[in-house]
Amino acid sequence: MQVFISSLATISVVFEILTLIFAFYFKQGKIFFLTFALFLFRFLYFFAPLDKVNLLLAIFLPLLWFLFCLLPSKNLLFSRLNLSKTLTLLFLFFFFLFCLKLPYINTKIDEFLGSYENFTELILLPFLAIFILLALISFFKAQRYQALSLVLAHISFFTNYTKEFFYFEFASLFFLVYIFYDKYKELFFDPLTFLPNENSLKRFIKARENLKFMLLKFELLDSLQEKYARLYLKKMAKILRYLSKDYKIFSSKSGFIFVCDNEVKLTELEHVISSLKNTEIKIRKERISLPISTKMLDEKGLKAMLT
């Protein structure tokens, strides 16, 4: 068990380097700087004993995580805002290094280390408070990965080996999975309607035959302001997902495409579409209702539309 735990630090470094590369390539600014913080503070081990560095990380890592999740981030990594984050991290690194070299602080750290068998008793309440705050904030900002990544970044401090082994974490592995999942969603899902996009539709029909397709369009959509049009499509997509649970629905440049595998479902779908006519969507203080048009497509017509 101890051999496995000791190898986790090396594995964590590998995943941190990979995450930095992919976060930089895919312009995931927030993930890049959270991972950079994990990677940078490992260099403290070259200047101070292992247990003292671990204690500092156990205390300050949640605070740093909370700060960096809260601060705005630019996807362009060389922006002025991101440069300020880099300078903040470097300042904190040298500040921690300075603290570790002060005799008075070293004495206090030794007292802490002698008082606690591991760090769980010391950090549990502050960690939970920061985790709950971050969970609430990240939930409302639709960035739920931030609270979970804090737990995965802090997990080594809730083991019995905190004082004996180098810091390890699973947050960088989680970030890697999240980056690729996010790219997968961008490739196969429409970010506005959260429906599968044209790429998904092409992949879906590739291995299937005798499918029926119906194109649904909202007329006069171009006459709305862009922000109203986007909100209208987003809310209508939500209604369509609710009304049409038995159908595959895809979002395309031309409108929404329903896929049926038999005539019965196609007939039932016409009843669903008729119930949408004259549906009013409330956007801000206005109620908007756009006329709906539908068009039946065969596979050849669909492929021509998608090209």
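Begin by selecting F60 in helix α3 of this predicted model. A kink of about 40° lies at this residue, shortly before the proline P62. Extend the selection to residues 50-70 to display the whole of α3, which comprises 21 residues. From its first C-alpha to its last, helix α3 reaches 29 Å, close to the 30 Å expected at 1.5 Å a residue.

Keep F60 highlighted and add F41, F91, F95 and F96. Ring pairs link these five residues, F41, F60, F91, F95 and F96, into a cluster.

Remain in α3 and move to N54, which is found in this helix. Is N54 buried or exposed? With a relative accessibility of 1%, below the 20% limit, N54 counts as buried. Display its surroundings next: residues up to four places away in sequence aside, N54 touches Y45, F119, F157, T162, F165 and Y167.

Two of those partners, F157 and Y167, lead to the next stop. Select them together with F41, L44, W65, L89 and F175: these are the residues with the most contacts inside the largest nonpolar core, which has 48 residues. The elements giving two or more residues to this core are α1, α2, α3, α4, α5, α6, α7 and α8. Which of them gives the most? Helix α3 does, with 11 residues. In general terms, nonpolar side chains in soluble globular proteins tend to be buried together.

For a closer view of this core, centre on L89. Its contacts, neighbours within four places in sequence excluded, are F33, F36, A37, L40, F41, L64 and F68. Apart from the largest core lies another, of 25 residues; to locate it, select L221, F256, F258 and I283, which are among its members.

Return to the helices and select α7, residues 145-154. This helix is mostly covered, as 8 of its 10 residues are buried. The buried residues are Y145, Q146, A147, S149, L150, L152, A153 and H154. Show α2, α3, α6 and α8 alongside, for the buried residues of α7 pack against these helices.

The aromatic pairs come next; the structure holds 29 of them. Select F22 and F180. Their ring centres are 5.0 Å apart and their planes stand at 65°, over the 60 degrees required, so the pair is edge-to-face. This pair links distant parts of the chain, with F22 in helix α1 (residues 2-25) and F180 in helix α8 (residues 171-188), 158 residues apart. How accessible are the two residues? Both fall in the partly exposed class: F22 has a relative accessibility of 27%, and F180 has a relative accessible area of 40%.

Now select F188 together with R203. The arginine R203 lies over the face of F188, at 4.1 Å from the ring centre.

The last stop is L220, in the loop between β1 (212-218) and α10 (226-243). At 54% relative accessibility, above the 50% limit, L220 counts as exposed. Add L290 to the view: L220 and L290 are 70 residues apart in sequence, and their C-alpha atoms are 6.6 Å apart in space. Finally, add P291. Leaving aside neighbours within four places in sequence, L220 is in contact with L290 and P291.

Notes
Residues are numbered from 1 along each chain as its sequence is written. This is a predicted model: local features need pLDDT of at least 70, side-chain atom pairs count only at pLDDT 80 or more; totals for chains, interfaces and linings use all residues. Side-chain values use heavy atoms; hydrogens and water are left out. Helices (H or I, at least four residues) and strands (E, at least two) are DSSP runs, numbered from the N terminus. The expected span of a helix is 1.5 Å times one less than its number of residues. The bend at a residue is the angle between axes fitted to the seven residues ending there and the seven starting there. Rings of Phe, Tyr and Trp (its six-membered ring) pair if their centres lie within 6.5 Å; planes under 30 degrees apart count as stacked, over 60 as edge-to-face and the rest as tilted. Buried means under 20% relative accessible area, exposed over 50%, partly exposed in between (1.4 Å probe, protein chains only). A charge sits over a ring if NZ of Lys or CZ of Arg is within 6 Å of the ring centre and within 35 degrees of the ring normal. Contact means heavy atoms within 4.5 Å. A nonpolar core is a set of buried Ala, Val, Leu, Ile, Met, Phe, Trp, Tyr and Cys residues joined through side-chain atoms within 4.5 Å.
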